[in-house]
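Reader: I would like to go through this model step by step, with the reasoning laid out for each answer. Could we begin once the sequence and the structure are on view?

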Amino acid sequence: FDDVQCKVTLGAYASAKASTGICDYAKEHDVDMIIMGRRGLGAIRAMMGSVSYAVLHEADIPVVTVK
């Protein structure tokens with residue numbers, strides 16, 4: 001994979017809801033993919049509002065979650 005290149009950009013974005021802020025930032029900065037961690041606390045936690053679960057449903061681009 002010597003020919004593979006990746007540009008990583010870090011930034012801060014103020015938003016009332018974390019998942020909305022992540023998705024808005026991605027749209028405004030022409031992001032190709034969102035990669036984020038998840039804790040994997042199960043179905044009950046996901047229904048109660050995990051950020052990674054919300055981003056998976058709100059984003060218009062591919063989202064990769066890593067446990």
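**Contacts, core and surface**

Author: Setting aside neighbours within four places in sequence, E58 is in contact with K17, S19, T20 and C23. The model is a predicted one.

Reader: In which element is the place of E58?

Author: The C-alpha atoms of E58 and I22 are separated by 9.5 Å, although these residues are 36 apart along the chain. E58 itself belongs to residues 51-58, which make up helix 3.

Reader: With which residue does E58 form a salt bridge?

Author: In general, side chains of opposite charge can pair when their charged atoms come close. For E58, the closest N and O atoms of the pair are 3.2 Å apart, within the 4 Å cut-off for a salt bridge. The pair links distant parts of the chain, 41 residues apart, with E58 in helix 3 and its partner in the segment before helix 1. That partner is K17.

Reader: Why does E58 count as partly exposed?

Author: The class of partly exposed residues lies between the buried ones, under 20% relative accessible area, and the exposed ones, over 50%. E58 falls in this class because its relative accessibility is 27%.

Reader: The structure holds 2 salt bridges; which residue meets K27 in a salt bridge?

Author: The N to O distance in the pair formed by K27 is 3.8 Å. This pair also links distant parts of the chain, 33 residues apart, since K27 is in helix 1 and its partner is in the loop between helix 3 and strand 2. K27 is exposed, with a relative accessible area of 54%, and the partner at 66% counts as exposed too. The residue that meets K27 is D60.

Reader: Against which elements do the buried residues of helix 1 pack?

Author: The buried residues of helix 1 are S19, G21, C23, Y25 and A26. One of them, C23, is in contact with V55, E58 and A59 when neighbours within four places in sequence are left aside. Taken as a group, the buried residues of helix 1 pack against strand 1 and helix 3.

Reader: How many residues does the largest nonpolar core have?

Author: In soluble globular proteins, nonpolar side chains tend to be buried together. Here the largest nonpolar core includes C23 and A26, together with I34, M36, V55, A59 and V63. Helix 1 and strand 1 each supply at least two residues of this core, whose size is 7 residues.

Reader: Which residues form a nonpolar patch on the surface, and what accessible area do they have together?

Author: The patch is formed by M33, I35, V64 and V66. Among them, V64 lies in strand 2, residues 63-66, and counts as partly exposed because its relative accessibility is 33%. The four residues have an accessible area together of about 350 Å².

Reader: What is the phi of D30, which is not a glycine?

Author: Most residues other than glycine have a negative phi. D30 is found in the loop between helix 1 and strand 1, and counts as exposed at 66% relative accessibility. Its phi is positive, at about 50°.

Reader: In which helix is confidence lowest?

Author: The protein averages a pLDDT of 85, and 84% of the residues score at least 70. Confidence is highest in helix 1, at a mean of 93, and lowest, at a mean of 60, in residues 43-49. Where pLDDT is low, the predicted coordinates should not be read in detail. The helix with the lowest confidence is helix 2.

Notes:
Residues are numbered from 1 along each chain as its sequence is written. This is a predicted model: local features need pLDDT of at least 70, side-chain atom pairs count only at pLDDT 80 or more; totals for chains, interfaces and linings use all residues. Side-chain values use heavy atoms; hydrogens and water are left out. pLDDT is the predictor's confidence in each residue, from 0 to 100. Helices (H or I, at least four residues) and strands (E, at least two) are DSSP runs, numbered from the N terminus. A nonpolar core is a set of buried Ala, Val, Leu, Ile, Met, Phe, Trp, Tyr and Cys residues joined through side-chain atoms within 4.5 Å. Buried means under 20% relative accessible area, exposed over 50%, partly exposed in between (1.4 Å probe, protein chains only). Contact means heavy atoms within 4.5 Å. Patches are made of residues with over 30% relative accessible area and no salt bridge: like charges are joined within 9 Å, nonpolar side chains (Val, Leu, Ile, Met, Phe, Trp, Tyr) within 5 Å. Accessible areas come from the Shrake-Rupley method with a 1.4 Å probe; for residues, only the protein chains shown count as cover. A salt bridge is a side-chain nitrogen of Lys or Arg within 4 Å of a carboxyl oxygen of Asp or Glu.
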